[in-house]
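Could you walk me through this structure while I have it open in my viewer? I would like to know what to select next and what I will find there.

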Amino acid sequence: MPAELDISAYPPDGMEVRLIERFTTLRGRRILEVGCGDGRLTFQYAPTAGLVLAIDPDRASIEEALDQQARLHVPNVAFRVGSVERLPTRGAPFDVALFSWSL
Amino acid sequence: MVHALRRAGQRMPSGGSLISIRPHRTWRPLVSIITPSGKVPVARLINSAFDSRLSAAEAALVRVVQEGHFTLAGIQDHRYRARLDNLSQLRTYLELIAPPRPRFPAGRRARLLNLWESRPRGSQLEIAESVVVTALQRC
């Protein structure tokens, strides 16, 4: 049933990126995405972003994101299993932190 | 939640942006039947377990501003709609939402079924959802 496969409880693709960019650009930025899940939002902005660290505590979701990353050839995203609370306090800074449906 | 925001802030330079996108706490999802002659609102879905999480998220955002880690750059609400062809798709839509899932208020699911049974040809279901975007700037 192709119509069933198109159903999503999330906003249409592109809407969240447009909302974010009312406040800040993502183009060329170093981005921390907290609660990235399977990369649904990540893959929408990653093509124009600088470097992205996308984290989620759910291993299965990160594995899905990695599979999708391999298919889409998106080299500037590092998907990691983890939580922001365990992020080292030292390290390269991020210009933007995104908490999309995850706070 | 406050700890998560503080930790993210520790890795951001002054002027960096923290963006939170989440469901709107008070604009609940509205299920309607769209007929060729207009819209028939049927039910606002409820989700008390999730409401408390949204309240906690809002409180955490306020707290890190009060603590001086961030300033408020702006808040924006936005609505979006999903159109569905039948009740099976509505079930799928609701099942795709991560728990805790919203539910119909008492009696409203039965009302939807009754109205859908007698719908005019060409009718669809609509779910109107709302999100709120909060933007903070690192001090």
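**Where the two chains join**

Begin by selecting strand 4 of chain A, residues 96–100, together with strand 1 of chain B: the two run parallel and are joined by 5 bridges. Keep in mind as you look around that this is a predicted model. To see one position up close, pick A:Phe99, which stands opposite B:Ser20 in strand 1 of chain B.

Stay on strand 4 of chain A for a moment. Is it enclosed or open? It is largely enclosed by the rest of the structure, because 5 of its 5 residues are buried. Turn the view and you can check both faces: A:Val96, A:Leu98 and A:Ser100 are buried on one side, and A:Ala97 and A:Phe99 are buried on the other.

Now add strand 1 of chain A, residues 31–34, to your selection. This strand runs parallel to strand 4 of chain A, with 4 bridges joining the two. For a single pair, select A:Leu32, whose bridge partner in strand 4 of chain A is A:Ala97.

**The side of chain B that faces chain A**

Next, select the residues where the chains touch. There are 32 residues of chain B in contact with 31 residues of chain A. On chain B, the elements that each supply at least two residues to this side are helix 1 (2–10), strand 1 (17–23), helix 2 (48–66), strand 4 (70–84), helix 3 (87–96) and strand 5 (124–138). Which of them gives the largest share? That is strand 1 of chain B, with 6 residues. If you color this side of chain B by residue type, you should find 18 nonpolar, 10 polar and 4 charged residues.

**Two backbone spots to visit**

Here is some background for the next two stops. Most residues other than glycine have a negative phi, and most peptide bonds are trans.

Go to the loop between helix 3 and helix 4 (108–117) of chain B, where you will find B:Pro100. The peptide bond leading from B:Pro99 to B:Pro100 is cis, with omega near 0°.

Then move to chain A and select A:His73, in the loop between helix 4 (59–72) and strand 3 (77–81). A:His73 is not a glycine, yet it has a positive phi of about 55°. Is A:His73 buried or exposed? It counts as exposed, because it has 6 C-beta neighbours inside 10 Å.

**Stepping back to each chain**

Hide chain A and look at chain B by itself. Its secondary structure comes to 4 helices and 5 strands, and along the sequence they follow the pattern α-β-β-β-α-β-α-α-β. The radius of gyration of chain B is 19 Å, well over the 14 Å that the globule rule gives for 139 residues, so this chain is more spread out than a compact globule. Its C-alpha trace spans about 60 × 25 × 20 Å along the principal axes. Of the 139 residues of chain B, 23% count as buried.

Finally, swap the display and show chain A. You will find 4 helices and 4 strands here, in the order α-α-β-α-β-α-β-β from the N terminus on. With a radius of gyration of 14 Å, close to the 13 Å that the globule rule gives for 103 residues, chain A is as compact as a globular protein of that length. Its C-alpha atoms fill a box of roughly 50 × 30 × 30 Å, taken along the principal axes. Of the 103 residues in chain A, 39% count as buried.

How values were computed:
Residues numbered from 1 in each chain as written. Chains lettered and ligands numbered in written order. Predicted model: local features only at pLDDT ≥ 70, side-chain atom pairs only at ≥ 80, totals over all residues. Contact = placed C-beta atoms within 7 Å. Nonpolar A, V, L, I, M, F, W, Y, C, P; charged D, E, K, R; others polar. Pairing = 2+ DSSP bridges. Buried ≥ 20, exposed ≤ 12 C-beta atoms within 10 Å, placed from the backbone. Rg over C-alpha atoms; globule rule 2.2 N^0.38 Å.
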